[in-house]
Amino acid sequence: MGESNHIDIWRRCLQIIKNNVPDPVYRTWFEPVKPVSLKDNLLTIEVPSDAHMRQLEEMPLIDILAKTLKRVLGNSVKLQYNIQYPKTTLQYPHQNEQVASNRPIPFPRSDKESLNPFIIPGIRKLTIEPNLNPKYSFENFIEGVCNRLARSAGERVAQSPGNNPFCPLFIHGGSGLGKTHLSQAIGLKVKELHPDKIVLYVSAHVFKTQYQEAVVGNNITSFMHFYEQIDVLIIDDVQVFTTPGTQNVFFHIFNYLHQAGKQIILTSDVAPGRLQGIETRLLQRFKWGLSAELLPPDYETRVKIFKAKSANEGIVLPDDVVEYLANKVTGSVRELEGTILTLLAHSTFNREDITIDLAKKVTKQIVNVDSSELSLEKIRSVVCDYFKITPELIVSKTRKREIVQARQITMYLVRNLTKASLASIGSQMGGKDHATVLHACSTVSDLIDTDRSIRKYVSDLERQLKPGKQL
Ligand code: ADP
Ligand code: MG
């Protein structure tokens with residue numbers, strides 16, 4: 001198999017998959033995947049996110065994917081994922097040019113003038129691509145007691161950005177509860193009501209990388225100046241602002257925008273008071289406005305979400321199924337969405353009607369995972385006790401065989417027993433990247449098949465961690 005035909009190969013796979021899965025499943029999970037390379041029967045594909053990859057690895061998607069790949073590439077085919085991170089390179093717009101918002105914004109010429117923050121931009125307007133996804137609208141954001149405060153504050157902000165008591169508006173809540181959706185909805189609404197306002201949504205991760213690139217490229221002034229022109233600045237997941245450099249530059253931008261009466265919207269996975277590693281002066285700023293929490297959806301809201309989201313996928317769930325699901329699946333909105341897609345996929349693959357029985361079958365897998373209260377820390381400490389090594393050693397850089405093995409087993413167990421993402425497992429296991437974690441997991445699962453002592457370690461550990469579960 002040559003190296004360059006990964007594109008053709010993937011196209012053939014897609015054709016097969018397309019004929020075998022429901023259209024929404026195909027569009028959501030397979031269409032966004034891009035082939036990267038094919039070498040020695042190892043096909044590398046790029047997926048938009050860690051969550052996306054995890055869904056592909058779940059039944060029944062993994063089943064169809066594996067069967068298709070084997071059909072096209074033979075039984076020895078291997079699959080590897082690349083996670084596509086958002087593009088980070090910040091492009092600074094010209095000051096005096098109208099730039100069509102769908103075109104990439106050109107990088108400034110290095111004329112000093114455009115870098116001078118005291119030069120007021122010309123009369124002609126500046127356009128910046130706001131990075132908003134139309135599907136994250138208020139209309140699609142289902143209201144419930146769990147999100148009422150945050151939602152109505154968001155609506156108020158969108159009505160009169162910068163001119164309201166919520167400056168900044170700080171939205172916090174656990175993963176999958178709608179922070180990104182709601183913050184984007186505010187941006188979209190502002191664009192609708194006040195088309196002249198410059199709105200920008202940026203993930204804190206991207207902001208951080210842009211800043212680091214600006215430091216390297218000696219572009220800090222342009223970087224700051226760019227952000228100082230925004231009327232409504234949305235920064236998603238500010239808990240990642242942990243380094244002094246990023247905090248400092250953000251502090252200045254924050255003060256500048258605040259004084260200019262601009263709107264700032266921040267999201268985080270914890271309340272402002274519980275942000276770790278963030279300087280007090282910045283925390284104080286966060287408290288100037290309103291902090292509103294998104295809670296896990298309550299029963300009534302879960303019912304609404306199941307109904308609305310299934311209707312979006314073109315299916316009508318019988319009332320008893322909705323009721324059953326709303327009782328059983330009690331996690332984040334993202335999990336509710338996953339349940340619907342799984343249900344839909346199952347019903348189409350097996351040509352089954354969506355009944356309580358099918359719902360039971362589907363939620364059994366999900367609820368099992370849910371009920372696990374295991375954390376990475378817990379697993380790591382059980383593994384350390386088991387192998388009689390210290391927690392410092394397991395996350396250290398040492399390449400000693402026993403330590404490497406314990407580290408890999410930890411990653412394998414965390415991956416299988418919790419919902420931690422590859423990236424977060426990596427970072428908490430001594431600053432590894434997601435590829436290292438994936439590699440560790442596949443090494444351990446190969447060894448389980450071939451090495452008796454490893455098999456025993458893993459099953460001992462699993463028994464300790466999950467008494468009811470067999471390997
Ligand atoms: P977070 O950023 O908090 O991790 P997201 O905003 O990405 O969560 O939400 C996860 C998924 O759940 C998204 O697909 C989003 O559209 C959906 N979602 C979250 N809250 C709601 C809601 N209230 N109504 C409808 N969909 C929601
Ligand atoms: Mg988010």
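Here's a quick briefing on the ligand site, a few buried spots, a hairpin and some loop contacts in this structure. Keep in mind that the model is predicted. Ligand 1 has a shell of 17 residues around it, and the protein buries 92% of the 560 Å² that the ligand exposes when taken alone. Away from the ligand, helix α9 is mostly covered, strands β1 and β2 run antiparallel, and a search for disulfides comes back with zero.

**Around ligand 1**

- Of the 17 residues that surround ligand 1, the closest are Ile142, Gly176, Lys179, His181 and Lys309.
- Sorted by class, that shell holds eight polar, five nonpolar and four charged residues.
- Two helices each put at least two residues into the shell: α7, spanning 179-193, and α14, spanning 333-349.
- Histidine 181 has a side-chain N or O atom 2.7 Å from an oxygen atom of ligand 1.
- Threonine 180 does something along those lines, with a side-chain N or O atom 2.8 Å from an oxygen atom of the ligand.
- Asparagine 147 goes for a nitrogen atom of ligand 1 instead, with a polar side-chain atom 3.4 Å away.
- As for cover, ligand 1 on its own would expose 560 Å², and 92% of that is buried by the protein.

**Cysteines**

- There are zero disulfides anywhere in the whole structure.
- Cysteine 146 counts as buried because its relative accessible area is 7%, under the 20% cut-off.
- Cysteine 384 is buried too, with a relative accessible area of 2%.

**Helices α8 and α9**

- Helix α9 takes in residues 220-228, and seven of its nine residues are buried.
- The buried set in α9 is Ser222, Phe223, Met224, His225, Phe226, Tyr227 and Glu228.
- Over in helix α8, which covers residues 204-216, you'll find threonine 209.
- Threonine 209 has a relative accessible area of 18%, so it falls in the buried class, for which the limit is under 20%.
- The side chain of threonine 209 also reaches back to the backbone oxygen of histidine 205, at 2.8 Å.

**The β1-β2 hairpin**

- Strand β1 (residues 34-39) and strand β2 (residues 42-47) run antiparallel and are joined by five bridges.
- One of the pairings to look at is proline 35, whose bridge partner in β2 is isoleucine 45.
- The hairpin has two residues between its strands, and aspartate 40 takes a positive phi there, near 45 degrees.

**Two loop positions**

- Alanine 420 sits in the loop between α18 (401-417) and α19 (422-428).
- Despite being in a loop, alanine 420 is buried, since its relative accessibility is 18% and the cut-off is under 20%.
- Along the chain, alanine 420 and serine 375 are 45 residues apart, yet their C-alpha atoms are separated by 8.3 Å.
- Threonine 242 is in another loop, the one between β6 (232-236) and α10 (244-259).
- With a relative accessible area of 41%, threonine 242 is partly exposed, because that class lies between 20% and 50%.
- Threonine 242 also has a partner distant in sequence: glutamate 279 is 37 residues away along the chain, with 8.6 Å from C-alpha to C-alpha.

Methods: Residues numbered from 1 in each chain as written. Chains lettered and ligands numbered in written order. Predicted model: local features only at pLDDT ≥ 70, side-chain atom pairs only at ≥ 80, totals over all residues. Heavy atoms only, no water. Near = heavy atom within 4 Å. Polar contact = N/O pair within 3.5 Å; in protein donor to acceptor, adjacent residues only side chain to side chain. Areas by Shrake-Rupley, 256 points an atom, 1.4 Å probe, with all protein chains shown as cover. Helix = DSSP H or I, 4+ residues; strand = E, 2+ residues; numbered from the N terminus. Nonpolar A, V, L, I, M, F, W, Y, C, P; charged D, E, K, R; others polar. Disulfide = S-S within 2.5 Å. Buried < 20%, exposed > 50% of the residue type's maximum accessible area, 1.4 Å probe, protein only. Pairing = 2+ DSSP bridges.
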